[in-house]
Amino acid sequence: MDSVGKLKKFMKFLCKKYETDDILRSYGEGPWQLIEESGVDFGDARAQLAAMDILLHQNLIEAVDLQGVKREEVKRIWPSTKIRPSYKGLQSRQQNWPKIVSAVAEGVTKGIIKGFTQK
């Protein structure tokens, strides 16, 4: 499965869980718990966070419980960040996923992962 397919599968899982889970709706959950529960294999921990960053930058997920930081100012998902689907993410389930070009998404993923390995 390609990167975009994995992102779609994760978002489908996240939106479905959001509909039935009061805790996720109210407080969000950590990205690793959600990824593990979804069964989607994004790779190692850095790749998992990079995938969440793509969803954040596409406004498909939002960070919650930020202790004084505005949601709009969040640029990266960290292991301690709690996430939930955004309004746009929930709409995407109804509208059969927003148009994301596969090559761009994979290029961004590879660029983020490459940036981590160079530090």
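In this predicted model, Lys17 is in contact with Leu24, Glu29, Leu34 and Glu37, once its neighbours within four places in sequence are left aside. Lys17 lies in helix α1, and with a relative accessible area of 12% it is buried, since the cut-off for that label is under 20%. There is also a long jump in sequence to report here: Lys17 and Arg84 are 67 residues apart along the chain, yet their C-alpha atoms are 9.7 Å apart in space.

Stepping back from that one lysine, the protein has 6 helices and 2 strands. Read from the N terminus, the elements go α-α-α-α-β-β-α-α. Of the 119 residues in the protein, 41% are buried. The exposed surface comes to about 7,400 Å², and carbon and sulfur atoms supply 50% of it. As for how the chain meets itself, take the contacts between residues at least 6 apart in sequence: 64% of these join residues at least 24 apart.

Helix α1, the home of Lys17, covers residues 3-20. Its 18 residues should span 26 Å at 1.5 Å a residue, and the end C-alpha atoms do sit 26 Å apart, so expectation and model agree. A good number of its side chains are tucked away: the buried residues of α1 are Val4, Gly5, Leu7, Phe10, Met11, Phe13, Leu14, Cys15, Lys17 and Tyr18. Two of these, Phe10 and Phe13, bring the story to the aromatic rings.

The structure holds 2 aromatic pairs. In one, the ring centres of Phe10 and Phe13 are 6.4 Å apart and the planes meet at 40 degrees, so the pair is tilted. Phe10 and Phe13 are 3 residues apart in α1, which means that about one helical turn separates them. In the other pair, Phe10 and Phe42 have ring centres 6.1 Å apart and planes at 70 degrees, so this one is edge-to-face. Here the partners come from distant parts of the chain: Phe10 is in helix α1, while Phe42, 32 residues away, is in the loop between α3 (31-38) and α4 (45-57). Both Phe10 and Phe42 are buried, and for Phe10 the relative accessibility is 0%. Put together, the ring pairs link Phe10, Phe13 and Phe42 into a cluster. Elsewhere, a charged side chain meets a ring: Arg76 lies over the face of Trp78, at 4.8 Å from the ring centre.

Phe42 has plenty of company besides Phe10. Not counting residues up to four places away in sequence, Phe42 touches Lys6, Leu7, Phe10, Ile35, Ala47, Gln48, Ala51 and Met52. Nonpolar side chains in soluble globular proteins tend to be buried together. In this model the largest nonpolar core has 24 residues, and Phe10, Phe42, Met52, Leu55 and Ile61 are the ones that touch the most other members. At least two residues each come from α1, α3, α4 and β1 (61-64), with α1 giving the most, 7 residues.

Helix α4 is worth a closer look. At 1.5 Å a residue, its 13 residues should span 18 Å, and the end C-alpha atoms are indeed 18 Å apart, so this helix agrees with expectation too. Of those 13 residues, 10 are buried, so α4 is largely enclosed by the rest of the structure. The buried ones are Ala47, Gln48, Leu49, Ala50, Ala51, Met52, Asp53, Ile54, Leu55 and Leu56. Gln48 of α4 has a relative accessibility of 17% and therefore counts as buried. Setting aside its neighbours within four places in sequence, Gln48 is in contact with Trp32, Ile35, Phe42 and Gly43.

Just after α4 comes Asn59, with a positive phi of about 60 degrees, in a residue other than glycine. Asn59 sits in the loop between α4 and β1. Its relative accessibility is 47%, so Asn59 counts as partly exposed.

Technical notes: Residues numbered from 1 in each chain as written. Predicted model: local features only at pLDDT ≥ 70, side-chain atom pairs only at ≥ 80, totals over all residues. Heavy atoms only, no water. Phe/Tyr/Trp six-rings, centres within 6.5 Å; stacked < 30°, edge-to-face > 60°. Helix = DSSP H or I, 4+ residues; strand = E, 2+ residues; numbered from the N terminus. Buried < 20%, exposed > 50% of the residue type's maximum accessible area, 1.4 Å probe, protein only. Lys NZ or Arg CZ within 6 Å of the ring centre and 35° of its normal. Contact = heavy atoms within 4.5 Å. Areas by Shrake-Rupley, 256 points an atom, 1.4 Å probe, with all protein chains shown as cover. Core = buried A, V, L, I, M, F, W, Y, C linked by side-chain atoms within 4.5 Å. Expected span 1.5 Å × (residues − 1).
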